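Trainee: I've got a model open and a few labels I'd like to understand. Can we go through them?

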Amino acid sequence: MGTTDTVLLVALGVLAQVFGVLVFTLNSMARVTFSLLASLVCVGGVTAVLGLPYLGVVIVLMMVMEMVIMAVFMIAYMMNPAGLMPMSMLHNKRGALATSGIVFVALVAGIFLVPWPDRTASRPRDTTFQVGRALMAEQMLTMVILGFVLLATMVGATVLATHRGRYDRFGDDLDQRPAQDPAGGGVGR
């Protein structure tokens, strides 16, 4: 790894941690969502710098879509305006601090105490292909079905949450003027 890669790795790692801390210090769901997005994009960058560009791009694409969908649903369905009302993301502060401290110490100890295996074979020529094959070889059908199920769930949730649509307001042929709102009154009243 060259100097540029090392500097990029350190910068992305520090940014991922800063945005991760902001997730728990910001006071609105919308800001927290975009802070989490920035943290996970930095994690994807770290993964790409470490030699797994395919996995890094997959992480970035997944997290961008997930966080954008979350933000859209928050704006559409939260009781407060767009998730911007002040709130706290911290619950049981002492317990959470103790648990996270213990887990952190255990993970750091594991890094230094676990006997890491030595590499016996040479590094694969195309790591992107190896990771893609490991992720998708046996699971491609599962991933395709899961994608359709998630899409159907989002569309179904939106349809069920919306009790009226354009055909209710404009009639079956969309020619009713002015539009009649089933909740009462026409447009502009």
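Mentor: Sure, starting with contact, which means heavy atoms within 4.5 Å. The buried residues of α3 pack against α2. This is a predicted model, where local features need pLDDT of at least 70 and side-chain atom pairs count only at pLDDT 80 or more, while totals for chains, interfaces and linings use all residues. Residues are numbered from 1 along each chain as its sequence is written, and side-chain values use heavy atoms, with hydrogens and water left out.

Trainee: Which residues in α3 are buried?

Mentor: Gly-56, Met-63, Met-67, Ala-71 and Met-74. Buried is under 20% relative accessible area, exposed over 50%, partly exposed in between (1.4 Å probe, protein chains only).

Trainee: Why is Leu-150 called partly exposed?

Mentor: Its relative accessible area is 49%, so Leu-150 falls between the two cut-offs. Leu-150 lies in helix α6 (residues 140-161).

Trainee: What makes α3 a helix, and how do you know that its span agrees with what is expected?

Mentor: Helices are DSSP runs of H or I, at least four residues, and strands are runs of E, at least two, numbered from the N terminus. The expected span is 1.5 Å times one less than the number of residues. Helix α3 (residues 53-77) has 25 residues, so 36 Å is expected, and its end C-alpha atoms are 36 Å apart.

Trainee: And how do you know that α1 agrees?

Mentor: Helix α1 (residues 3-25) has 23 residues, so it should span 33 Å, and its end C-alpha atoms are 33 Å apart. In α1, Leu-12, Ala-16 and Val-23 are buried, and their cover includes α2 (29-49).
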